[in-house]
Amino acid sequence: LTAMGEPSMDPTISSPDGAAQQDSLFSMMDVFLISLITGLFTYWFFFRKKKEEVPDLPKMQSVAAPVRDSSFIEKMKKTGRNIVVFYGSQTGTAEEFANRLSKDAHRYGLRGMAADPEEYDLSDLSRLSEIDKSLAVFCMATYGEGDPTDNAQDFYDWLQEADADLSGLRFAVFGLGNKTYEHFNAMGKYVDKRLEELGAQRIFELGLGDDDGNLEEDFITWREQFWPAVCEHFGVEATGEESSIRQYELVVHTDVNMNKVYTGEMGRLKSYENQKPPFDAKNPFLAQVTENRKLNEGGERHLMHLELDISNSKIRYESGDHVAVYPANDSSLVNQIGEILGTDLDTVMSLNNLDEESNKKHPFPCPTSYRTALTYYLDITNPPRTNVLYELAQYATDAGEQERLRKMASSAAEGKALYLSWVVEARRNILAILQDMPSLRPPIDHLCELLPRLQARYYSIASSSKVHPNSIHICAVTVEYETKTGRLNKGVATNWLKNKVPDQNGSSSLVPMYVRKSQFRLPFKPSTPVIMIGPGTGIAPFIGFIQERAWLKQQGKEVGETVLYYGCRREHEDYLYREELARFQKEGVLTQLNVAFSRDQAEKVYVQHLLKKNKENVWKLIDEGLAHIYVCGDARNMARDVQNTFYEIVSEFGNMSQPQAMDYVKKLMTKGRYSLDVWS
């Protein structure tokens, strides 16, 4: 174009023949214009094509996203399932209940599958009606202060934002909660309510399990009414009695490369030998214990302070976060189970899922030995649930023992009462049951299939990362008690931690751990006053808080009033961190230290009594200082009593009625000015 047009543009060109020059000029102009139009059309055509491709971009992104599995709808169609049971589980119980419900389905001519919502796109719920006699069940645990469990967070976010039409969806929800907590079963209630709002049809009422009471009984009671409702809705009948169906098959490895055998790792094989960040629940970091000291001066209990070295792990934490540790079961309990069942615990085996389409190929990392499974992967210290007793009953050769096991696993009132007294209240673990029922000798592989997974234990971090960036501190009390049968039961994690002696070499001082983020946070402005209430080991996060306020003060920041209400049994017995607290008070960081010694006088004195004593000052800090309140420790009694005390203080000094005072405190919680880190 340029070459052809250039002569016509050049002012130096001249010709004696004017007409010829004009003709030549017009012909070149025509070519130029045609070429220009062609070029513009070509450019427009390609530009238009690109615009048309834009709507496809989100699809490309969702296909590439690695976090999701294939559609659960397609999986159900492929495998002939019509019931999907999703679980939101933090400690494994909701997952266990989901597995039990999905297994139940075959009794009614239906087929179920348990599913982790984290692995699927739940917007596919709108398509579930494509499957005949389809139903979605949700076993949803509530974690912390009304929060979803980690694996249900994405589902919760989707529910909040979704405007999907779920009018073809049939559903039921069973919630797992604890009545000692402020937001009892918040997640179960929310899922139940929100699904209905989106047009889904509830086919059975919301079940509310209470772990402060008897969660197992709550589940069984709900379940025995749930299935008849399902039968009525779909017009199906039970095909027969509950039967024992193995989910996994045993493969014994006689000639195996030991480098391919799991020895306690949670995820990747050899991950403890070859550590790679990031570290999380499936890839814990092996931290060295650099300090393990007893905190109390006397008494029967053992209260301890541990320090875990996280150097070179790239683990970051904030004051108020939780550290999760994976403990190991007591080797003597493991050996006794092996002896009683006449098993070589060092046999290397795999339990392989008989359902080849299942995402869960094994109940725990395989191949491994029975010893490793019973030590690192399985819960052998908690009383087993009724489904375990039912499955084990077939192996009791004594008719009386078999009948007793079946009765305890039944939904009859007499059976429930027997299970409650003989198993739950007597705190009989699997070893105690085997000892007390001499004819019950199940195959060890079936026992390993039935026992729930050993869970990580969470502790409030007792340090500030500003002061201790390379270590995480734990404050804990060892759990040890005598049962009604005269046995001595020991807490798995605390007794395991107690024996972690600092050692520069050996594995005896290594703790598999990771950090779980928390909402328990210091105010954004250091000048905001804080009121901390934490008796016993509830002082843990406040040691971190005070360390951080001291550090902020050293940086020249204006730090507000820092008030602590701490409680213990006796001043000269279990006053934790006495020297550290005295030092912080002397330095002026801890502006008020109020300590309740509950047993040093005839009348018991607790933290709530000291709050009442200082009620005027407490109200002034809340009302004028806009203080943030933090409560850590026992949920069942202390946290509730403290909250009631705040209602009284607000009512008296704020000139409010009791309902108004309660509403005032609830609003403080909503605004993040009243935070809880409690356990039951």
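The following paragraphs lead through the aromatic residues of this structure and then through one of its helices. The model is predicted, and residue numbers count from 1 along the chain as its sequence is written.

The structure holds 28 aromatic pairs. One of them joins Phe-542 and Phe-545, whose rings meet edge-to-face, with 5.8 Å between the centres and 65 degrees between the planes. Both residues belong to helix α17, which spans residues 540–554. They stand three residues apart, which is about one turn of the helix. Are these two side chains buried or exposed? Phe-542 has a relative accessible area of 0%, and the value for Phe-545 is also 0%. Because buried means under 20% relative accessible area, Phe-542 counts as buried, and Phe-545 does as well.

Phe-545 also takes part in an aromatic pair with Tyr-630. This pair is edge-to-face, with the ring centres 5.1 Å apart and an angle of 80 degrees between the planes. Which parts of the structure does the pair tie together? Phe-545 lies in helix α17, whereas Tyr-630 lies in strand β22 (residues 628–634), so the pair links parts that are 85 residues apart in sequence. Tyr-630 is buried, as is Phe-545.

Elsewhere, aromatic residues gather in a group. Phe-97, Tyr-108, Phe-174, Phe-204, Phe-219, Trp-222, Phe-226 and Trp-227 form one aromatic cluster.

Aromatic rings also meet charged side chains. The ring of Tyr-390 has the charged end of Arg-406 over it, 5.5 Å from the ring centre. In a second case, the charged end of Arg-583 sits over the ring of Phe-584, at 5.1 Å from its centre.

Attention now turns to helix α9, which covers residues 331–340. Val-334, Ile-337 and Gly-338 are buried in this helix. They cover an arc of only 100 degrees around the axis, and therefore they lie on the same side of α9. What do the buried residues of α9 pack against? Their partners are the helices α10 (370–377), α14 (430–436) and α15 (444–450).

The surroundings of the two ends of α9 can be described as well. At the N-terminal end, Asp-330 acts as a cap: one of its side-chain oxygens lies 2.9 Å from the backbone nitrogen of Ser-332. Just after α9, Gly-342 takes a positive phi of about 60 degrees.

Note on methods. Predicted model: local features only at pLDDT ≥ 70, side-chain atom pairs only at ≥ 80, totals over all residues. Heavy atoms only, no water. Phe/Tyr/Trp six-rings, centres within 6.5 Å; stacked < 30°, edge-to-face > 60°. Helix = DSSP H or I, 4+ residues; strand = E, 2+ residues; numbered from the N terminus. Buried < 20%, exposed > 50% of the residue type's maximum accessible area, 1.4 Å probe, protein only. Lys NZ or Arg CZ within 6 Å of the ring centre and 35° of its normal. Arc of directions from axis to C-beta. Contact = heavy atoms within 4.5 Å. Polar contact = N/O pair within 3.5 Å; in protein donor to acceptor, adjacent residues only side chain to side chain.
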